[in-house]
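Colleague: I would like a close look at one part of this model, with the terms spelled out as you go. Please take your time over it.

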Amino acid sequence: MPDLPRPTDAELEILTVLWSRGPSTVRAVHDVIAQRRPAQYTTILKLMQIMAEKRLVRRDEEQRAHVYEASRPREWTQRQLAGDLLDRAFAGSAAELMMGALAARKASKKELAEIRRMLDQLEEGR
Amino acid sequence: MNWLHTPMAAALGRALLHFIWEGALIAALLGVVLAALRRAPAQARYLAACAAMAAMAASFAVTALTPGAEGARFAPVFPSAFLLAPGGGNTSAWAATPRPLTTWAVAIWLAGVIVLLARRAGGWLAARRMVSRGAVAADPRWSALLDRARTRAGIARAVTLVESARAATPAVIGWLRPVILAPAGWLLCLPPEQAETVLLHELAHIRRHDYLVNLLASAVEDVLFYHPAVWWVGRVIRRERENCCDDLVIEWGGDRRSYARTLASLEGLRAGEPALAASGGSLADRIRRLLAPPEGPRASAVPLLAAMALVCAGAVALPAWQAPAPQARPEVSNPYEKWLNEDVAYIIEDRERAAFKSLRTNEEREHFIEQFWLRRDPTPGTVENEFKEEHYRRIAYTNEHFADPTLPGWKTDRGRIYIVYGPPDEKESHPSGDRGGPPYEEWRYRLIQGIGKDVIVRFVDENRDGRYRMTRDPAVLHGQVAAPHSPPAAAPAELPLPPDQPNGDYLYQAGDASVRIGQGGATMITVGAAKVTVSLTRQETGEVVFRESWGIRSGDGYTKLLTLPRGTYRLEAEKEGRRRPGPRQLAEMQERLLTALREARQRSVADGQSLPFVTLPNTRQMPPATAASAAPEVTRLDFRVR
């Protein structure tokens, strides 16, 4: 599959809505984005049309109101985003500052196996 | 480089040197304190480590700011000072005029601090950017979930929940206006209860001001980067911080086991490669701790305070906000919690439970409890409430007769069945088993409303230690005993997986339920039901692989990640209070299922290709909903993993 262009920040915002809500109309995307910042419906429409041309999103023209869908999964784009300089240079440092339920780094295979063993024991022990 | 020859640089050099022993001493003290606090709550160890970090910062600052004489007094006790001060004996001269070695040390240290602080600032900017760019307001249903979690956690401050394309795991960013960041679409992958415990963990970070404390501790670590003792204290802080949050989640009503499972499945959902080596905060340790909690808060306050005083000695006092947040809100105190989680645990409805948890005052709770029993009183006009009396009689009976080595009677399988369904009509005990088999009991109920006639429940004491366990979960029992008023269940269909793609994910649709089965486990999505109980049984052994039930809103999804050994399985979904789904809902369901499927596929397959979608041959049309359609309906699906 040919490479898609890296989405801009504005495009990424639209993609995030599509990943979170599933295939949506422009109206629905606009409503979500407008919750956090002022946004014009026509701007979003234009952006999404451009994104369809770039094939970042797919358009389903069967219905009267066109439904858009992200053409690539989130994880795929996430890997692409890692190419961004600031993100790449400071991802580790940023992760240390964010307070999550999980550690900044993914658990090792050995640790995952250990966790699985404990949970299996729990199932049996009950 | 002229600055390096000023008295200020000399003072810094002295402070850097002295901090080698100061840091080691404080770390050693912390080590002693931590050993003393081994059995104390994680919060005590966390505070001790924070105090040690503050003490390190303070001792460095004090040494740097104290005039030379101070340094002269300390210098003789530290041999390295002699090593670095070839002049040897004359310590006051050493303190006044920096030696070349000290000068170099200061220069190198300064360069290191600049690099590290720049990196930290970049990280801070990158974290802020995660909130401002490519992040969108979370779906209203998640905001509602967050509100519920906030009520449980008693947090009044505004907390924003956003979904982000950049985040790999849920996290809190910001202190004054905290934002919880969730990976886009991530919340779809967990059942609401599990998502709520994760939100509770994040709220615990917010409540404890962890973001700010971490920022400050990181700054100290960056400045004193050259001392391994500082790294160690930082690690202790991070470890105990997560333990504290885990404890708060449990305190706020999270279930240990299910929380441990949630953390494990979250780690499984996480994108990216596993680390090669174990990272600092070990998830395995946290899960071990959750599953086997240390024996209560045994340490009394006196040694705790003494230990704290030791660490704090000579250091600045911790800012007041670091103290554990006092119980500002009147917590659900013990008798009410006990009432909810023990007395009526098996008979209270989900809706009632939610309502009870949202109550604020004890007066309201008392009133609720009164109403709760009143609603169930078969003879409301009389003083006696026969239902309540019978219920408490059953609890007392189970505690007297079914207690086993590990559980009180009411918590055992026999206790649960007895409390919910009452004494069986017939009971067969085989304390010495059959033909050398383990001891067992069979209880027969002639009729259980909503389940069926002639229900037989079997309890087996596999280990011969008095722990009788039910061999058939009620879900299976429901399937086996046809409820008189439910339509006959469709014949289970064997669904061979297409041979060309033995490892792919497959979608099945049966009536209004869709099931995805594949490498990542099974996803089940139903529409129009008020409550769903899903269970997966391994046919060969009759083992119930999992069984969970949850209240559901239309179109909600549920993903359970399981690794299934080869075999034949039966997936059953029991729905109550269903409505007939409309075409829009069905479309929505398929769409969400596809999303969930893609999410699962992306973990193993990078490219989204076309997905196999199989419609079950005997797809059943649901009967139109009627007013009296409250009877549970069971959808079954048999499949084989090979």
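Where helix α17(B) passes helix α18(B), is the crossing left-handed or right-handed?

Modeller: The crossing of α17(B) past α18(B) is right-handed, in the sense that the near helix is turned clockwise from the far one by less than a right angle (anticlockwise would be left-handed). This is a predicted model, in which local features need pLDDT of at least 70 and side-chain atom pairs count only at pLDDT 80 or more, while totals for chains, interfaces and linings use all residues. Residues are numbered from 1 along each chain as its sequence is written, and chains are lettered from A and ligands numbered from 1 in the order in which they are written.

Helix α17 covers residues 386-401 of chain B and helix α18 residues 413-421 of chain B, helices here being DSSP runs (H or I) of at least four residues, numbered from the N terminus, with strands (E) needing at least two. Their axes come within 9 Å and cross at roughly 160°, where an axis is a line fitted to C-alpha atoms over the stretch in contact and angles run from 0 to 180 degrees between N-to-C directions. The two helices α17(B) and α18(B) are therefore roughly antiparallel, a term kept for angles over 145 degrees (under 35 is roughly parallel, 65 to 115 roughly perpendicular, and the rest oblique).

As for the residues that meet, α17(B) brings Arg394(B), Ile395(B), Tyr397(B) and Thr398(B), and α18(B) answers with Gly415(B), Tyr418(B) and Ile419(B); contact requires C-beta atoms, placed from the backbone, within 7 Å. By class, this contact of α17(B) with α18(B) holds four nonpolar residues, two polar and one charged, with Ala, Val, Leu, Ile, Met, Phe, Trp, Tyr, Cys and Pro counted as nonpolar, Asp, Glu, Lys and Arg as charged, and the others, Gly among them, as polar.

Another helix pair of chain B can be set beside this one. Helix α1 (residues 7-36) of chain B packs against helix α2 (residues 42-65) of chain B at an angle of about 160°, with the axes 8 Å apart, which makes α1(B) roughly antiparallel to α2(B). Here, too, α1(B) passes α2(B) in a right-handed crossing, and the contact between α1(B) and α2(B) comprises 16 nonpolar, four polar and three charged residues.

Methods. Two residues are in contact if their C-beta atoms, placed from the backbone, lie within 7 Å.
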